[in-house]
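Trainee: I have a structure open and don't know where to start. Can you take me through some of it?
Mentor: Put it up and ask away.

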Amino acid sequence: LAMGLMIASNLLALVGPKLSGLAVDAIGYGDEPVKLDRVFYYCGLMLAFYTASAVLSYMLAVVMIKLSQKIIYTMRRQIFDKLVDLPVSFFDTHATGDIISHMSYDVDTVNASLSHDLIQVCVSIITVTGSLIMMVSISPTLVGIFAITVPASIVFTRYKSKKIRPLFKKRSIKLGILNGFAEEMLSGQRVIKAYGREEVITRRFDERNTDAVNAYYEAEYHGAIIGPGVNFINNLSIAFVIIFGGIFFMFSQSGAIAEGSVFFMTLGGITAFVQYSRKFAGPINEFANILSDLQSALAAAERVFRIID
């Protein structure tokens, strides 16, 4: 159901820019009369398509939230069932706070990724593929710009992903150690008081707290670089599209480029192509922005499944 809603919603949204371009061409250029009936017709279709897409997107969000909650419920139950069956030796070597962080922090991290990030990845694949097909149908020549910028985005993202995955794993481990230490010390507070070890325990907690903060900062810092970097590359591609599209349009209007040529462009064609290029680049930007969340979810899931296994 979720897959069907996702495909339908995105296909409906992909029709919008094409209709927008047709509406612009119906306005005409120079002394050409404005075909108001055609303009309103295409605008009405755009409204209908975008409304239907929005309704389906809402339904998709509801379905995915319910689905993710069922998965998280099952995951927590499996963790608890496994913990009940594990031997005493396991609890002698694993802090209680660290185990609890698996059931709370790690599972919640996976939940956030399932309910939002997973949809975004699937939507990105559909939108990028659909936008590329529509752009090729409008101007195969301008699509050549993306043959340079998209590989640059992919290489940059892959390089950074390999760097940040271990950092998010380290972050989860350090937070688990911090939770485990806090749980042990708080449960043994009377013993600490009896032996006057408050300053020693506080100093040890500060060390673990500092390690957790540093690990969190490193993971988030390197994860945050990906989004702006990919945005910069994709904004460059859109700028080149507008520049060369404008040049092709001027030559097409002057008659230097004949209609039917791969370089021929109308103003509506440029309008539609720019919108599709933003749809094409947008999901790539979104994916780059949520990549750090995905890396965090993968690191959390790895810790959860290690206990279940």
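What follows is a short chat about a helix, a pocket and a few single residues.

Mentor: Before you start, keep in mind that this is a predicted model.

Trainee: Fine. How far apart are the end C-alpha atoms of helix 2?
Mentor: They are 73 Å apart. Helix 2 covers residues 36-85, which makes 50 residues, and at 1.5 Å a residue the span should be 74 Å, so the two values agree.

Trainee: And which residues of helix 2 are buried?
Mentor: The buried ones include V39, Y42, M46 and S53 towards the start of the list, and I72, M75, I79 and L83 towards its end. Among the others are L56, L60, M64 and S68.

Trainee: New topic. What volume does the largest pocket have?
Mentor: About 310 Å³. It is lined by 14 residues, and those closest to its centre are V128, V150, I154, I284 and F287.

Trainee: Which elements give two or more residues to that lining?
Mentor: Helix 4 (96-138), helix 6 (146-187) and helix 9 (267-308).

Trainee: How do the lining residues divide into nonpolar, polar and charged?
Mentor: There are 11 nonpolar residues and three polar ones, with no charged residue in the lining.

Trainee: You mentioned helix 6. Is S172, which sits in that helix, buried or exposed?
Mentor: S172 is buried, because its relative accessible area is 2% and the cut-off for buried is under 20%.

Trainee: What does S172 touch, leaving out residues up to four places away in sequence?
Mentor: Y105, D106, A299, A300 and R303.

Trainee: There's another serine I clicked on, S252. Where is that?
Mentor: S252 lies in helix 8, residues 198-254. At 9% relative accessibility, S252 also counts as buried.

Trainee: Which residues is S252 in contact with, neighbours within four places aside?
Mentor: I257, F263, F264 and M265. For M265 there is a further detail: its backbone nitrogen lies 3.0 Å from a polar atom of the S252 side chain.

Trainee: Last one, I7. Which helix is it in?
Mentor: Helix 1, which runs over residues 2-27. I7 counts as partly exposed, because its relative accessibility is 35%, and partly exposed lies between the 20% and 50% cut-offs.

Trainee: How far is I7 from E199 in space?
Mentor: 59 Å, C-alpha to C-alpha. In sequence, I7 and E199 are 192 residues apart.

Conventions: Residues are numbered from 1 along each chain as its sequence is written. This is a predicted model: local features need pLDDT of at least 70, side-chain atom pairs count only at pLDDT 80 or more; totals for chains, interfaces and linings use all residues. Side-chain values use heavy atoms; hydrogens and water are left out. On a 1 Å grid over the protein atoms alone, a cavity is a set of points where a 1.4 Å probe fits but cannot get out, and a pocket is an open set with protein on both sides within 12 Å along at least five of seven lines; lining residues have an atom within 4 Å of a point. Grid points are joined across faces, edges and corners, and a volume is the space filled by probe spheres set on the points. Helices (H or I, at least four residues) and strands (E, at least two) are DSSP runs, numbered from the N terminus. Ala, Val, Leu, Ile, Met, Phe, Trp, Tyr, Cys and Pro count as nonpolar, Asp, Glu, Lys and Arg as charged, and the others, Gly among them, as polar. The expected span of a helix is 1.5 Å times one less than its number of residues. Buried means under 20% relative accessible area, exposed over 50%, partly exposed in between (1.4 Å probe, protein chains only). A polar contact is a pair of N or O atoms within 3.5 Å; within protein, one must be able to donate a hydrogen and the other to accept it, and residues adjacent in sequence count only if both atoms are side-chain atoms. Contact means heavy atoms within 4.5 Å.
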